[in-house]
Amino acid sequence: MPTNVKMTNTESSARMLTRTLATLAGAFALVLAAVLGVMSAMVNDTNQLEATRQRDRVETALATQVRLRQLRFENLQAAGVLQPILNSLLPSVTLQWAFAQVSNRFLDFDGTYLVTASGRILAGVLHGETATQADYDALVRIRPDLPGGTAQTEPHGIGEGPVTARLIQNGADTVGVMTADLRKGEQTGRPQFPEAAAFIVGYRKVTQAQLNEIGLRYRLPQLAVVTERPVNPLGRRDIASPDGSVNAWLSWTPERPGDAMIHQFAWALGAVVLLFVALFAYVFHRLRSAAQQIAARESQIHRLAGQDELSGLPNRRTFDLRLDQEIAQLGRTKSGLAVLLLDLDRFKAVNDTYGHNAGDELIRQAAKRLTTVLRLGDTVARLGGDEFGIIQTHMEAPNASAVLGQRILDALTEPFEIGGVAVSIGCSIGIAHAPRDGADRSTLLRLADTALYQAKNEGRNRYSFFEPQMNRALHLKRMVEEDLRNAIARDQLLLHYQPQVSIDGSSIVGVEALVRWPHPEHGMIPPSEFIGIAEERGLIVPLSEWVLRRACEQARQWPGIKLAVNVSPIQFRHKDFVASVIRVLEETGFDPERLELELTEGVVVEDADAAEAAMMDLRAHGVSLALDDFGTGYSSLIYLRRFAFDKIKIDRSFLEYMEATGESAILVHSVVHLGRALGLRVCAEGVETAEQHRFLQAIGCHELQGFLFSKGVPPEEIDRLLTLDRPFEQALAA
Ligand SMILES: Nc1nc2c(ncn2[C@@H]2O[C@@H]3COP(=O)(O)O[C@H]4[C@@H](O)[C@H](n5cnc6c(=O)[nH]c(N)nc65)O[C@@H]4COP(=O)(O)O[C@H]3[C@H]2O)c(=O)[nH]1
């Protein structure tokens, strides 16, 4: 929000505190985030490193298994056990026997085969028994790169040199298949001929017991073969199926030393965070109390200096002192002085709409403008809220305060820019003169206040001078207000009802409730004299609720006709208005379809959106709406279209002048046509003559109301009229 006025010290202290705290909180959050970030990175790195190591250990474990077998071969060769089998062309029975000895004693496979390079078995042992070519061929189907298989490649897999192995998933079984190439290494000197033994092929089914043992030895927790792919790539190793696809995995649970570390140090970390929080809370507390002390001292200084903190203007105390001083000077100079009391119009609306900061800014800007319109020696003070006081001194010319009043109005009606929004307000000013109206402070202030009240009543955005009759009028109003309050509380008001009649005058289609106040001393007071006061003095809401409740109770006994009730704009704008109507309808059991609320244009002019919402709400509950006094205000077509009234009531002033001026007749004619075109019912008010009746009937008006048929009458009279067949026959015949 742009601010042209210097910030007060209280504000600067508060802002300083907020900024310091924000910086502190930011630094704290940064340090904490950095510590947590570093720790998390460390934990991740450690976990990752260990997982990679584990992965390597799996490969080592598998390679070691192969290396173990290779060593055995080397030992067998070194011991000369293999030579006789390989070099001599033994008869097959002898070869089988010799090979069985070797494989049983030195090789721990489920099946072992001595095969030629083309895959023919020379000897074989399967589970301790003699194996056949078919047994070997079954193994070749699992691993086609074995001698005699369809794959063209050399046997390969885990391990280097003559002995290699592979893990294969065959159905539900995991099998380790190993080949030892007898042609490599020691055997290279051996004579080669096609049917010579070229490979020893062994296979073994992998069991969980073996995996457990390997897992234990190589620190690979839960090492197992699984058929569901483990998510963590560092916790699995593919096991290919014979066709090359991968549907099984060697899986283990990677160890997470980083997590273990964090668990171990969690308490220490918690303690550090707690320490930081405690430190932050302590600094926060110290800073806040320091700022509060500064603010309290500053405001004390302001008060002692007689200054209003928000606006920077003198405060009420200074204003009073200066006024006393100026009044004391009056006798010595010939010139008078004026006291101006000023209220900002619509200040509350700005505060409510844009918030308190906007309200404060408005006060500051208004204060600044006020100081610019004053002459040297005059005083402007902020008396509280949106109220300002001005002492105008050295008034040689009697109209000087009118000139100042106008200057103030001009200055304050210029739009203000608040938070980038142009805000228009106005002000009301009450002026009292000394010594003419009074010569002491309290009298002058009271009279200026009376004049201010008058200015507001006359429609705001104006200045009023105090005049002696204002006192009397005010006194009268206060008296009426008091009496009216009592009359409502003691149920002393009455309702009269004026019939609304069908266009041919034959029957009553509705009644309009009209409030009456039989005053014990002043007799019957008409509503035109007290509704305004009730609106001004905040009595309209209880009064209206009383009227609606009583009308609903009494009209319950008149089935089939409408009940029209007047609604004051102030009452309508009350936030609980719709709720109170619905509540009264429920409590009295009155049919909402029979209730018609008469609204004036004033209702919709000020806040059209809120009015529309309330009207929709009422209509949704079945209540109908009539636009009263049509023709006296804006008579805007827009209202008729937008607000979906059910009925318009042509103001009685039109009928009054109809006979005198042809123009009124044309207007009435037009309004009836307009109403009909918009699909509304049209009721003419103030029908006093049979001629008016005939005219309205001829132009297509729907309903009539007026003294020709009946005045507002007590409910008993409506009872009687409703029993008659053609209640107004006589009146119409006259
Ligand atoms: N000269 C003449 N006058 C006629 C004729 N027909 C009706 N009137 C008068 O015109 C007024 C019609 O009410 P309104 O326009 O709503 O005007 C009403 C309405 O605005 C207000 N009012 C009355 N009762 C209530 C109420 O309960 N609540 C509120 N908010 N306002 C009310 O006071 C106004 C005046 O009410 P009333 O004095 O009862 O005056 C009534 C009625 O007596 C006629 O043919 N000739």
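**Exercise 1. In which loop does Pro 435 lie?**

Solution. The model is predicted, so local features need pLDDT of at least 70, side-chain atom pairs count only at pLDDT 80 or more, and totals for chains, interfaces and linings use all residues. Residues are numbered from 1 along each chain as its sequence is written, and side-chain values use heavy atoms, without hydrogens and water.

Step 1. Set the elements: helices (H or I, at least four residues) and strands (E, at least two) are DSSP runs, numbered from the N terminus.
Step 2. Place the residue: Pro 435 is in the loop between strand E15 (426-434) and helix H11 (441-457).
Step 3. Check the backbone: the peptide bond from Ala 434 to Pro 435 is cis, with omega near 5 degrees.

**Exercise 2. Locate Arg 346 and Asp 491 and give the phi of each.**

Solution.
Step 1. Arg 346 falls in the loop between strand E10 (336-345) and helix H8 (347-354). Its phi is near 65 degrees, a positive value in a residue other than glycine.
Step 2. Asp 491 sits in the loop between helix H12 (468-489) and E17. The phi of Asp 491 is positive, about 60 degrees, although the residue is not a glycine.
Step 3. Asp 491 is partly exposed, with a relative accessible area of 40%; buried means under 20%, exposed over 50% and partly exposed in between (1.4 Å probe, protein chains only).

**Exercise 3. Describe the largest pocket by volume, lining and residue class.**

Solution.
Step 1. Define the space on a 1 Å grid over the protein atoms alone: a cavity is a set of points where a 1.4 Å probe fits but cannot get out, while a pocket is an open set with protein on both sides within 12 Å along at least five of seven lines; lining residues have an atom within 4 Å of a point. Points are joined across faces, edges and corners, and a volume is the space filled by probe spheres set on them.
Step 2. The volume of the largest pocket is about 1000 Å³. Its lining has 35 residues, of which Glu 512, Leu 514, Pro 527, Ser 528 and Asn 566 are the closest to the centre.
Step 3. Elements giving two or more residues to this lining include strand E17 (494-502), strand E18 (508-519) and helix H13 (527-536). E18 gives the largest share, five residues.
Step 4. The lining has 13 nonpolar, 13 polar and nine charged residues, where Ala, Val, Leu, Ile, Met, Phe, Trp, Tyr, Cys and Pro count as nonpolar, Asp, Glu, Lys and Arg as charged, and the others, Gly among them, as polar.

**Exercise 4. How many cavities of 30 Å³ or more are there, and what lines them?**

Solution.
Step 1. The count is two.
Step 2. The largest cavity has a volume of about 40 Å³. Among its lining residues are Ser 544, Asn 566, Gln 571 and Phe 577; six are nonpolar, three polar and none charged.
Step 3. The second largest cavity holds about 30 Å³. Helix H1 (9-78) and helix H6 (257-304) each supply at least two residues of its lining, which divides into eight nonpolar, no polar and no charged residues.

**Exercise 5. Compare the UniProt "transmembrane region" with the model.**

Solution.
Step 1. An unreviewed UniProt entry lists residues 265-284 under this name; positions follow the numbering used here, feature names are shortened, and annotations may be inferred rather than shown by experiment.
Step 2. In the model, the span 265-284 is 100% helix and 0% strand, and its end C-alpha atoms lie 29 Å apart.
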